[in-house]
Amino acid sequence: MSLPSSLDERLAAQQAAFQAAGAPSADVRRHRLDRLLALLFEHAETFAAALAADFGTRSRTASILTEMVGVASTIEYSRKNVARWMRPRRPATAARFLGLSAEVQPTPKGVVGIIGPWNFPLNLVVLPAADAFAAGNRVMIKMSELTPRTTDAFAQTAPKYFDAVELDVVVGDVEVAQQFASLPFDHLFFTGSPAVGRHIHRAASANLVPVTLELGGKNPVVVGPKADIARSASRVARSRLVNGGQTCLCPDYVLVPSHAVENFCRATVSAIRDILPSILGNEDMCSSINDANYERVIALVEDAQSKGADVISVAPPHEQLPDSERRVIAPTLVTNVDSSMRITCEEIFGPVLVVMGYEHNDEAIDYINRRPSPLIAYWYGPDDEEFRHFVTSTRSGSVSRNDFALHMSLPQVPFGGVGHSGMGAYHGRAGFDTFSHQRPVVGSELPFSITSIAAPPFSRAKVAAGDLWVRSIRRRARRRIDRFER
């Protein structure tokens, strides 16, 4: 277990090891990725049991698929391509004939700090660690204090595969996390809420540490006018139930053509009943992580209901829900909402879905655009002009059509937010680039110094040449502007 007083020393040890060894070879990077996979999969049952104990109710299969299998393809993709990504790029090849050479070398930054969340406490530290390893860095991880059994299991297992100067796992409370965020890393990666992300960014800025923030938000779903209502409802229902709704990519509210709202709600309720014929005692229904999150979600629903919203609780017959002892909330639909209700502005992070109607496409787009940019926006329907208008007219970290978080299954695709939902991206090549410094290496074999052009003395010839360039560029820019405006 890491002690708060040792954080500076442990970071210094990693930085010293990095400086002594230099940038690792492709073989070393692949070896680290292999050890990371072995750490995860050779102890899969231990981690699944720890996750179930931390959540109270969480399916072993769900943990295996989301926390372990879900990261393997991205790591394997990076392993396969890392040698190619490491090669220098050689821009300006024509300049070689003039005596100039230029290359851009992707170089590791050094030590990457990772602060993980509680909702997927393994997945969301292992994936950024894999990207950091692929880029040649060393890694320190601060795991969530809200999943203590999983954190302890990972911290105790990691030293069997990694020396602490390669991968160091920090265990501790919120105060430790605050100290961790204040360390002078070479890059800091955080997954969590926008509110906490602001504090992380502020702490890192004191040391001018570059930061990648993967945050949450209220992810919208637009059911297009040509969508299959029953199929869309079934898929939205399933995606809202992933991890008990405690997922940053879950749909938060659904915009449905007004004439189809009732049909959509009926189809959603029917789909949920098919998925969960029982809830209490059913490990397929993940419980809230703790009392605070359970009570917060209940309060959002109660606030909306007290202000006139209609609430549809999809509780099985003869089951008393919500259940505070097990922290289980029945899947719930909330309709007839307005902006006075907290549920329309706060991220829900539970098995509750808001459903609203719209009359035309631009009305749905305007509603989304009046709110902070989400991590993902969903569209159900064909890839037609209305969908393309939706894509070009909205702003989000990503767009997924007709299914849940499709880009997560494609390691070639970047994952990241924008604005309120985060900054920066990772997964595969995007993660390699995030944790690399693109270092230019430029040389000259010219018989004269280019610096002499801009350095004194400024002869008449230099003055005349400068004036000529100004006039030429000014005329060219003006011609292009006039041509565009005609």
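## Largest pocket, active-site positions and aromatic contacts

Helix α8 gives the most to the lining of the largest pocket, with 7 residues. The model is predicted: local features need pLDDT of at least 70, side-chain atom pairs count only at pLDDT 80 or more, and totals for chains, interfaces and linings use all residues. Residues are numbered from 1 along each chain as its sequence is written, and side-chain values use heavy atoms, with hydrogens and water left out.

The protein has 16 helices and 17 strands; these are DSSP runs numbered from the N terminus, helices being H or I of at least four residues and strands E of at least two. Its C-alpha atoms fill a box of roughly 90 × 65 × 35 Å along the principal axes. Of the 486 residues, 52% are buried (under 20% relative accessible area, with exposed over 50% and partly exposed in between; 1.4 Å probe, protein chains only). Among contacts (heavy atoms within 4.5 Å) between residues at least 6 apart in sequence, 74% join residues at least 24 apart.

The largest pocket holds about 1200 Å³ of space. Among its 47 lining residues, the closest to the pocket centre are Phe-190, Gly-192, Ser-193, Pro-194 and Val-196. At least two lining residues come from each of α7 (174–181), β5 (187–191), α8 (194–205) and α11 (291–306). On a 1 Å grid over the protein atoms alone, a pocket is an open set of points where a 1.4 Å probe fits, with protein on both sides within 12 Å along at least five of seven lines; lining residues have an atom within 4 Å of a point. Grid points are joined across faces, edges and corners, and a volume is the space filled by probe spheres set on the points.

UniProt, in an unreviewed entry, places the feature "active site" at Glu-214 and Cys-248. The two are spread over 35 residues of sequence but cluster in space, with a largest C-alpha distance of 9.1 Å. Both Glu-214 and Cys-248 belong to the lining of the largest pocket. UniProt positions follow the numbering used here, feature names are shortened, and annotations may be inferred rather than shown by experiment.

| Residue | Location | Relative accessible area |
|---|---|---|
| Glu-214 | strand β6 (residues 211–214) | 2%, buried |
| Cys-248 | loop between α9 (229–241) and β8 (251–257) | 15%, buried |

Not counting residues up to four places away in sequence, Glu-214 touches residues including Phe-189, Phe-190, Leu-375, Phe-415 and Tyr-426. On the same basis, Cys-248 touches Asn-119, Leu-215, Gly-216, Asn-219, Glu-347, Phe-349 and Leu-375. Three of the Glu-214 contacts, Phe-189, Phe-415 and Tyr-426, form one aromatic cluster together with Phe-435.

The structure holds 14 aromatic pairs. Rings of Phe, Tyr and Trp (its six-membered ring) pair if their centres lie within 6.5 Å; planes under 30 degrees apart count as stacked, over 60 as edge-to-face and the rest as tilted. Trp-85 and Phe-432 form a tilted pair because their ring centres are 5.6 Å apart and their planes are at 50 degrees. This pair links distant parts of the chain, Trp-85 in helix α4 (residues 60–86) and Phe-432 in helix α14 (residues 429–434), 347 residues apart. Both Trp-85 and Phe-432 are buried.

Two arginines sit over rings. The charged end of Arg-58 is 4.6 Å from the ring centre of Phe-55, and Arg-401 lies over the face of Phe-387 at 5.6 Å from the ring centre. The criterion is NZ of Lys or CZ of Arg within 6 Å of the ring centre and within 35 degrees of the ring normal.
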